[in-house]
Amino acid sequence: MSKKVKIGLALGGGGARGLAHIGVLKALTEAGIRIDMIAGSSMGAFMGACYSVGMSVENMESEACSFTKRKAMKELVDVTLPKHAILKGQKVYKYIDNLLGGADFALAKIPLRVMVTDLANGEAVALTKGNLARAIEASICVPGIFPAVKIDNHYFVDGGVTNPTPVDQVIKMGANIIIGVDLVYKRSVIKENLNLVSALMQSYEIIRNKSVNLCKGNKKCKVVVVRPEINGNGIANSFKFYNIQAFIDAGERAAKKIIPQIKREVEKFK
């Protein structure tokens with residue numbers, strides 16, 4: 001590839017659906033497409049952080065596929081009295097920090113931005129320094145499910161609220177070609193007697209749909225969008241942190257479809 005070409009990856013959120021990013025990375029790696037910078041929201045921030053610190057796609061897939069319902073409950077769930085949120089979030093932070101080896105942004109081999117939302121003013125914020133696990137904890141903080149995360153006297157929640165697929169951030173980082181992975185679910189089957197979590201997540205998906213902006217009109221770069229097709233109810237899929245091979249396979253299939261387009265765009269820069 002030409003040295004003039006800088007390829008950026010914008011990874012969107014979507015709960016467990018975000019594990020499709022592993023499949024996208026797998027397809028891009030096999031095709032020899034080098035990623036120069038990453039910006040991520042929510043689960044996209046988590047997957048982007050793993051990749052940016054040097055975790056191989058094979059290791060990411062192996063770790064993800066090791067989850068069962070029992071392991072997910074043990075490693076991720078710590079229910080609390082619903083004063084601030086349904087879950088404490090301490091187990092999630094510990095798991096992420098252990099997986100990343102306590103790394104901070106300075107150790108990232110690929111430049112990384114983690115998107116969060118400032119709870120005070122509703123603005124999208126790109127985190128670029130400090131402890132990676134804490135930044136990711138904030139980026140995946142679904143309001144009502146997890147308590148807001150305090151960083152430098154600011155309280156942050158999920159970056160997907162204001163920037164579900166942060167293409168704009170990768171543009172600011174200097175990318176010529178952007179691969180945006182969009183996991184915002186457009187429709188859900190609504191059942192009678194919704195429980196608390198399902199109602200919260202459905203409301204959250206509506207907010208995320210309203211805020212999607214892939215910056216397609218930017219003339220200085222080319223945005224290629226990947227939309228993995230994941231069967232089943234979108235809200236239910238957000239919580240399926242087990243039997244997730246289907247998510248990974250969906251991401252891989254979708255990415256393989258757009259690889260010829262990416263290579264054509266690269267050729268234009270030579």
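Modeller: Two strands count as paired if DSSP finds at least two bridges between them. Keep in mind that this model is predicted.

Biologist: Which residue in S6 is the bridge partner of Asp118?

Modeller: S3 covers residues 112-118. S6 covers residues 154-158 and runs antiparallel to S3, joined to it by 3 bridges. Thr117 of this pairing stands opposite Val157. For Asp118, the partner in S6 is Phe156.

Biologist: In what sense do S2 and S3 pair?

Modeller: S2 spans residues 37-41, and 4 bridges link this strand to S3. One partnership sets Ala39 against Arg113 in S3. The sense of the pairing is parallel.

Biologist: In what sense do S3 and S4 pair?

Modeller: S4 takes in residues 124-127 and shares 4 bridges with S3. Val114 has Leu127 in S4 as its bridge partner. The two strands form a hairpin with 5 residues between them. Their sense is antiparallel.

Biologist: Which residue in the turn of the S3 and S4 hairpin has a positive phi?

Modeller: Look between the two strands, where 5 residues sit. The phi in question is about 75°. The residue is Gly122.

Biologist: How many residues of S3 are buried?

Modeller: The cut-off for buried is under 20% relative accessible area. By that test S3 is mostly covered. Of its 7 residues, the buried number is 6.

Biologist: Which residue takes a positive phi in the hairpin of S5 and S6?

Modeller: S5 runs over residues 149-151 and pairs with S6 in the antiparallel sense over 3 bridges. Lys150 stands opposite Tyr155 in S6. The hairpin has 2 residues between its strands, and the phi is near 50°. The residue is Asp152.

Biologist: Is Glu61 buried or exposed?

Modeller: Glu61 lies in helix H3, residues 57-65. Beyond its neighbours within four places in sequence, Glu61 contacts Ile22, Lys26, Gln245 and Ile248. Its relative accessibility is 14%. That is under 20%, so Glu61 counts as buried.

Biologist: Which residues of helix H5 are buried?

Modeller: H5 covers residues 90-99. Its buried residues are covered by elements including H2, H3, H4 and H6. Just after H5 comes Gly101, with a positive phi of about 65°. The buried residues are Val92, Tyr93, Tyr95, Ile96 and Asp97.

Biologist: What volume does the largest cavity have?

Modeller: Searching the whole structure for cavities of 30 Å³ or more gives 1. The largest cavity has a lining that includes Lys88, Val92, Glu137 and Phe146. Its volume is about 50 Å³.

Biologist: How many nonpolar residues are in the lining of the largest cavity?

Modeller: Among the lining residues are Ile140, Cys141, Pro147 and Val149. By class, the lining has 2 charged residues and 1 polar. The nonpolar count is 6.

Biologist: Why does Cys141 count as buried?

Modeller: Cys141 is one of the residues lining the largest cavity. The buried class needs a relative accessible area under 20%. Cys141 is buried because its relative accessible area is 0%.

Biologist: How many disulfides does a search of the whole structure find?

Modeller: Two cysteines are worth naming here. Cys50 counts as buried at 1% relative accessibility, and Cys141 is buried too. A disulfide needs a pair of cysteine sulfur atoms within 2.5 Å. The number of disulfides found is 0.

Terms used:
Residues are numbered from 1 along each chain as its sequence is written. This is a predicted model: local features need pLDDT of at least 70, side-chain atom pairs count only at pLDDT 80 or more; totals for chains, interfaces and linings use all residues. Side-chain values use heavy atoms; hydrogens and water are left out. On a 1 Å grid over the protein atoms alone, a cavity is a set of points where a 1.4 Å probe fits but cannot get out, and a pocket is an open set with protein on both sides within 12 Å along at least five of seven lines; lining residues have an atom within 4 Å of a point. Grid points are joined across faces, edges and corners, and a volume is the space filled by probe spheres set on the points. Ala, Val, Leu, Ile, Met, Phe, Trp, Tyr, Cys and Pro count as nonpolar, Asp, Glu, Lys and Arg as charged, and the others, Gly among them, as polar. Buried means under 20% relative accessible area, exposed over 50%, partly exposed in between (1.4 Å probe, protein chains only). Contact means heavy atoms within 4.5 Å.
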